[in-house]
Amino acid sequence: MAYERTQTCVKCGNRWEIYKLRLIMRDKDSLECDCGETLIKWNGAVMYTSKLVDKSQDSH
Ligand SMILES: [Zn+2]
């Protein structure tokens, strides 16, 4: 598993670390934030996993 990038959700501000994993077979999927916003989509011999690193300071 290799670190890909840190991505901030445009909707709620949560920060996620995105990790990339190479696959032998083709995979088509996506990852969503807790709020439902799509973080990343892919279609190929890879898949991604995400780890929450900084939760949004949103007060509500
Ligand atoms: Zn979000």
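**Zinc site, aromatic pairing and a nonpolar surface patch**

In this predicted model, the zinc ion has as its protein donors the SG atoms of Cys9, Cys12, Cys33 and Cys35, which lie 2.2 to 2.4 Å from the metal. The angles subtended by the 4 donor atoms around the zinc ion run from 104 to 115°, and the arrangement is therefore tetrahedral. Along the sequence, the donor residues follow the spacing C-x2-C-x20-C-x1-C. Cys9 is located in the loop between β1 (2–8) and β2, whereas Cys35 is located in the loop between β2 and β3 (38–54), so that this pair ties together parts that are 26 residues apart in sequence. With regard to accessibility, Cys9 is buried, at a relative accessibility of 4%, while Cys35, at 31%, is partly exposed.

The structure also contains 2 aromatic pairs. In one of them, formed by Tyr3 and Tyr19, the ring centres are 5.9 Å apart and the ring planes stand at 70°, so the pair is classed as edge-to-face. This pair links distant parts of the chain, since Tyr3 belongs to strand β1 and Tyr19 to strand β2, 16 residues apart. Tyr3 is partly exposed, having a relative accessible area of 46%, whereas Tyr19, with a relative accessibility of 17%, falls under the 20% cut-off and therefore counts as buried.

At the surface, Met1, Leu21 and Leu23 make a nonpolar patch of about 270 Å². Leu23 lies in strand β2, which comprises residues 15–32, and is partly exposed, with a relative accessible area of 30%.

Notes
Residues numbered from 1 in each chain as written. Predicted model: local features only at pLDDT ≥ 70, side-chain atom pairs only at ≥ 80, totals over all residues. Heavy atoms only, no water. Patch = residues over 30% accessible without salt bridge, like charges linked within 9 Å, V, L, I, M, F, W, Y side chains within 5 Å. Areas by Shrake-Rupley, 256 points an atom, 1.4 Å probe, with all protein chains shown as cover. Salt bridge = Lys/Arg side-chain N within 4 Å of Asp/Glu carboxyl O. Helix = DSSP H or I, 4+ residues; strand = E, 2+ residues; numbered from the N terminus. Buried < 20%, exposed > 50% of the residue type's maximum accessible area, 1.4 Å probe, protein only. Donors = N, O, S within 2.8 Å, 3.2 Å for Na, K, Ca; no water. Tetrahedral: all angles 85-135°; square planar, octahedral: opposite > 155°, others 65-115°. Phe/Tyr/Trp six-rings, centres within 6.5 Å; stacked < 30°, edge-to-face > 60°.
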